[in-house]
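Trainee: I would like to go through the salt bridges and helix packing of this model.
Mentor: Put your questions one at a time.

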Amino acid sequence: VRLPDSLEHISRLPLWQLSRNSSGMAVRFRSNSTQVAVKWELLVNFHMDHMTDVAVKGLDLYCLEGKNWYFVNSARPIGKSTESSLISGMEAKEREFMIYLPLYDGLVSLSIGIDAGASINQPAIESPVREKPVVFYGTSILQGGCASRPGMAHTNIISRRLNRECINLGFSGNAFLDLEVAKVIAKVEASVFVLDFVPNASVVQMKERLETFYRIIRSKHPDTPIIFIEDPIFPHTFYDERVAKEVRRKNDTLKEIFNHLKKRNEKNIILISSKNMLGEDGEATIDGIHFTDLGMMRYADLVCPVVKKAIR
């Protein structure tokens, strides 16, 4: 659940329904079991034709080795309820685990299975660090479209790289700068706020709402860095002139508003250009828009150093 229950009858219905998706959420635990199994029931059992069911409604198991998280296996959904063995045959020793939850569905329940004689406990190591998280607001891409599995959503990649909790407020097709979302964001004692809404928001919405959206957050967090990210230069814009023009208009509008804030002496605001976000080869999306794992990695490569510097 990514928006508070108090917004159920205030938010637009699609926004509210998307807030029930568990994108960016994970469960942390420690166990000495030789195997890890899962049983989970989905809220919707949602399916899309351009994203794997594993990413939409499956689970990913990671294990902490030293300071780094390593992928162990994913649990593939077979229906509204699934039981799945993630790993077996391990040496019986204490390990730190993390299970990433579905990107485009929600959970009714989740059970973790271990050996009968084994223990399951709270993590002994705080990783990722939960204090002062990084809050991301954005679109379907930010929600995780179209990573191959939950751990490959870019907010999850960035969280592992920075060893810092990342809060994913990506709402597929619905990042329209709704002001109630800004109020939710403003309640978080974050280290950095990342605003990546341009693929969804129209020029009109940006002109009408962006400064107000920004001020709601800024009024509660006068010194916290706020990062704005341009619309990606999508591969199909090299062929679709109409979309190319729209992307340019949106990015020009974002720059105008950003420069207006700069002129008014707003501190700790950063603009990330999308020029090199997806690389030069055009291979980083599945449909000209939504990112493959390659796109997610390239986004993380671009954004991670900026966020890291902003945290410092």
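Trainee: Is Asp60 buried or exposed?
Mentor: This is a predicted model, so the answer rests on computed accessibility. The relative accessibility of Asp60 is 0%. Buried means under 20%, so Asp60 counts as buried.

Trainee: Which residue meets the side chain of Asp60 in a salt bridge?
Mentor: Asp60 belongs to strand β3 (residues 59–65), and its partner lies in the loop between α3 (140–143) and α4 (154–162), so the pair ties together parts that are 89 residues apart in sequence. The partner is itself buried, with a relative accessible area of 15%. The N to O distance in this salt bridge is 3.0 Å, and the partner is Arg149.

Trainee: How does Arg20 count, buried or exposed, and what is its relative accessibility?
Mentor: Arg20 forms a salt bridge with Asp5, with 3.5 Å between the closest N and O atoms. The two are 15 residues apart, Arg20 being in the loop between α1 (13–18) and β1 (26–31) and Asp5 in the segment before α1. Asp5 counts as exposed at 54%. Arg20 counts as buried, its relative accessibility being 19%.

Trainee: Where in the chain is the partner of Lys80?
Mentor: Lys80 forms a salt bridge with Glu41, and their closest N and O atoms are 3.6 Å apart. Lys80 counts as partly exposed at 36% relative accessibility, and Glu41 is partly exposed with 27%. Lys80 sits in the loop between β4 (68–75) and β5 (81–87), while Glu41, 39 residues apart from it, is in strand β2 (residues 36–42).

Trainee: Which residues are linked in a network of salt bridges?
Mentor: The structure holds 17 salt bridges. Some of them join into a network, and its members are Glu211, Arg215, Arg218, Arg264 and Glu266.

Trainee: Now the helices. Why are α5 and α6 described as roughly parallel?
Mentor: Helix α5 (residues 179–186) and helix α6 (residues 203–220) have axes 8 Å apart, at an angle of about 20°. Angles under 35 degrees count as roughly parallel, and α5 and α6 are therefore described as roughly parallel to each other.

Trainee: How many residues in the contact of α5 with α6 are nonpolar?
Mentor: On the α5 side the contact involves Leu179, Ala182, Lys183, Ile185 and Ala186, and on the α6 side Arg209, Thr212, Phe213, Ile216, Ile217 and Lys220. Of these residues, three are charged, one is polar, and the nonpolar ones number seven.

Trainee: What is the orientation of α4 relative to α8?
Mentor: α4 packs against helix α8 (residues 293–311) with axes 9 Å apart and an angle of about 45°. That angle makes α4 oblique to α8.

Trainee: What is the handedness of the crossing of α4 and α8?
Mentor: The helices meet through His154, Ile157, Ile158, Arg161 and Leu162 of α4 and a set of α8 residues including Met296, Tyr299, Val303 and Ile311. By class, this contact has eleven nonpolar, one polar and three charged residues. α5 passes α6 in a right-handed crossing, and the crossing of α4 and α8 is also right-handed.

Notes. Residues numbered from 1 in each chain as written. Predicted model: local features only at pLDDT ≥ 70, side-chain atom pairs only at ≥ 80, totals over all residues. Heavy atoms only, no water. Axes fitted to C-alpha atoms, helices over the stretch in contact; angles between N-to-C directions. Helix = DSSP H or I, 4+ residues; strand = E, 2+ residues; numbered from the N terminus. Parallel < 35°, antiparallel > 145°, perpendicular 65-115°, else oblique. Left-handed = near helix turned anticlockwise from the far one by under 90°. Contact = heavy atoms within 4.5 Å. Nonpolar A, V, L, I, M, F, W, Y, C, P; charged D, E, K, R; others polar. Salt bridge = Lys/Arg side-chain N within 4 Å of Asp/Glu carboxyl O. Buried < 20%, exposed > 50% of the residue type's maximum accessible area, 1.4 Å probe, protein only.
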